[in-house]
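Visitor: Please take me through one residue and its surroundings in this complex. Then widen the view step by step, and tell me how far to trust it.

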Amino acid sequence: MSTTTPLITADLVAVDLAATDRTDVTRRLIDLLAAAGRVTDADGFAADVAAREAQMATGMPGGVGLPHARSEHVVVPSLAVGKLAQGVDWGAPDGPARLVFLIAAPASGDADHLQILAALARRLVHESFRTSLLEAPDAATVAQIVTREVVPS
Amino acid sequence: MKLVAVSSCPTGIAHTYMAAEALEQAGKAAGHEVHVETQGAAGSTPLDPALIAAADGVIYAADLEVKDKQRFAGKPFVDVGVKKAVHDAPGVIAAAVAAVEAGVPAGAAAAPAAAPATKVDRDAGAGTKVRQWLMTGVSYMIPFVAAGGILIALSFMLAQVAWGGAEGAIEVTKVDAATVVAAFDPASLQDWSVVLLKTGQLAFGFLVPVLSGFIAYAIADRPGLVPGFLGGAAAGFVGAGFLGGLVTGFLAGGVALWISRWNVPKGVRGVMPVVVIPLLSSAVVGVVMLVLIGRPIAAAMDGLTGWLNGLSGTSAVLLGLLLGAMMGFDLGGPINKVAYTFAVTGLATEGLAADATQYRVMAAVMAAGMVAPLAMALATTVRKRLFTHAEQENGKAAWLLGASFISEGAIPFAAADPWRVIVSSVVGSAATGALAMAFGSTLVAPHGGVWVLPLIGNPLGFVAAVVVGTLVSTALVVLLKSLAHDPVVAAERAAEEQRDAALVGQPA
């Protein structure tokens, strides 16, 4: 994996993100991806994510929002993370989300990257993983934790 | 408790895996062993069949259709959807445990037995695979045999009333169906019997295409259907019968599978299943059948007919033996057709005496043609355990089909297990042919089975010949099948026993 673009870097992490609703949070994270050149058409990708979200809300147990889409506007498989200052309702039955992971996968993702995303989804179930991210002091640490826990070395 | 689960979601990226992890963790916490197959975008690794076999119950946490669901047939299950597994995995585990403790749901237990054996075990040995491919084709063909055969038999019965006598079964086949349909009279029993006959014949037109098509489907999945059906139709066109259909089924499946594995440029990939695979595979199968196989078959049929005509001086019993063997060999295929046509052509000779050889030949041919389906019907009755469920069902219809001289009733058996069934059928049919000749039975009608018994000279001898041949065939097929191990039948038995055991273990 070392030769390919990493799934997440510090500039894809927003700490203390102040936003009011799902759409707003998602948009801010998409802008990060667009700024990094990982998404070609921010509006197009936002529409894809919204379409997926409309199918079934992606609020997960433990205060996690997991918006995601496979989209032709995505260049490389990427993950943007937002730590919210204030919880935002993400449709989960157990309360608002404080950690939001935006997964951007290309329409034709190769298996290796999809494996990593699968591993991320699995890690999110574990409270220790979520706590370590919530307690991470800065963007670089968040990116580091995700990479360490999810990406096979 | 041991549980297996399948998870999937629309995108195949997030929920699928969260559900899997959540179920595994919740299972561990509650002291159960849970294995999850994630049918997601990252590709799915099928659960080890041993794990499935050992599992007490199944959890479907799937928002998409579960792939190869048949693997889990007969086990208690809960179907909860992926979201519930993500948000309340402990609850789902508890529900699954409760379902296992409640035992096998009756509906779920009965369903897999009745379903056609359409799935082919990827890890099976070559012999087992071939058997499973054959059984897939046969299990789809059986309803056509039953529907078509019974319609034809009903038509014969009705024709007796409509024409007022045994001649009805003959008259009904002489009527042009198109004329009747164009001026259908609802008050005419004759018209009704013609329509029933035509409907039955149309159903029979599908026998070989369906057999061939679904063998190819079992081998190559959907890409196999088009060349398979087409190959079956081509086999029918050149008169190759069900044996030709077996050939085209395997050929079409092989070719379609091969083409669908080609590594083609991305732009072409989209049109592969719709245009490229059907086009190329159909062309190959069609050309092979029509050009390479059609001509030799036609030549062989001509040769056989000439040879039979040259035999006119031989002893009657030997001729009956030979014709009987031919009737029993391919059940409507080319060799059967040569023998039958030989007999029917003889009927047209003018100025025959009532006990002419031609009439005796016709009686021998019809008697022999009734043996195979009757023998299969009897064999499935006396030795159920040697046959698959689908065959047992077909055996019930085969009684009527055999009695009506519809040899096609035995095709599902012969297609599923060609050499054992054909050997038995040939021996029994030959015995019947020889005996009918020896007893001097005569027949002036080209078909009709028991429905034309009043038209048969020495009917007692005719029936005796049929009964003896049927008993011989039955004994032989039971013997041959007892000596062999049939993987499909064995698998069905094992599933049954497992189910019975589960039902017994269930609290009252």
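Guide: Start at Lys83(B), which sits in helix α3 of chain B, residues 82–87. Helices (H or I, at least four residues) and strands (E, at least two) are DSSP runs, numbered from the N terminus. This is a predicted model: local features need pLDDT of at least 70, side-chain atom pairs count only at pLDDT 80 or more, and totals for chains, interfaces and linings use all residues. Residues are numbered from 1 along each chain as its sequence is written, while chains are lettered from A and ligands numbered from 1 in the order in which they are written.

Is Lys83(B) buried or exposed? Lys83(B) counts as buried because it has 21 C-beta neighbours inside 10 Å. The cut-offs: buried means 20 or more other C-beta atoms within 10 Å of a residue's own, exposed means 12 or fewer, and partly exposed lies in between, with C-beta atoms placed from the backbone. Leaving out residues up to four places away in sequence, Lys83(B) touches Met56(A) and His15(B). Such a contact needs C-beta atoms, placed from the backbone, within 7 Å. Ser8(B) is 75 residues from Lys83(B) in sequence, yet the C-alpha atoms are 9.9 Å apart.

Met56(A) belongs to the partner chain. Across the whole interface, 23 residues of chain A are in contact with 18 residues of chain B. On the chain A side, α2 (42–55), β4 (68–71), β6 (97–106) and α3 (111–124) each supply at least two residues. The largest share, eight residues, comes from α3(A). By class, this side has 15 nonpolar, five polar and three charged residues. Here Ala, Val, Leu, Ile, Met, Phe, Trp, Tyr, Cys and Pro count as nonpolar, Asp, Glu, Lys and Arg as charged, and the others, Gly among them, as polar.

Back to chain B. Helix α4(B), residues 89–102, has 14 residues. It reaches 20 Å from first C-alpha to last, close to the 20 Å expected at 1.5 Å a residue. That expected span is 1.5 Å times one less than the number of residues. The buried residues of α4(B) are Ala89(B), Val92(B), Ile93(B), Ala96(B), Ala99(B) and Val100(B). They cover an arc of only 120 degrees around the axis, so they lie on the same side of α4(B). The arc is that of the directions from the helix axis to the C-beta atoms. An α-helix has 3.6 residues a turn, so residues three or four places apart point the same way. On the other side of α4(B), Ala98(B) and Ala102(B) are exposed. The buried residues of α4(B) pack against β1 (2–8), α1 (15–29), β3 (57–62), β4 (77–79) and α3 of chain B. That last helix, α3, is where Lys83(B) sits.

Now the trust. Chain B averages a pLDDT of 87, and 93% of its residues score at least 70. This score is the predictor's confidence in each residue, from 0 to 100. Among the elements of chain B, α5 (106–114) has the lowest mean, 36, and α20 (418–439) the highest, 96. Over residues 105–119 of chain B, pLDDT stays under 50, and the model has 24 contacts beyond four places in sequence for that stretch. Where pLDDT is low, the predicted coordinates should not be read in detail. For the complex, the predictor gives an ipTM of 0.87 and a pTM of 0.58.

Notes. Two residues are in contact if their C-beta atoms, placed from the backbone, lie within 7 Å.
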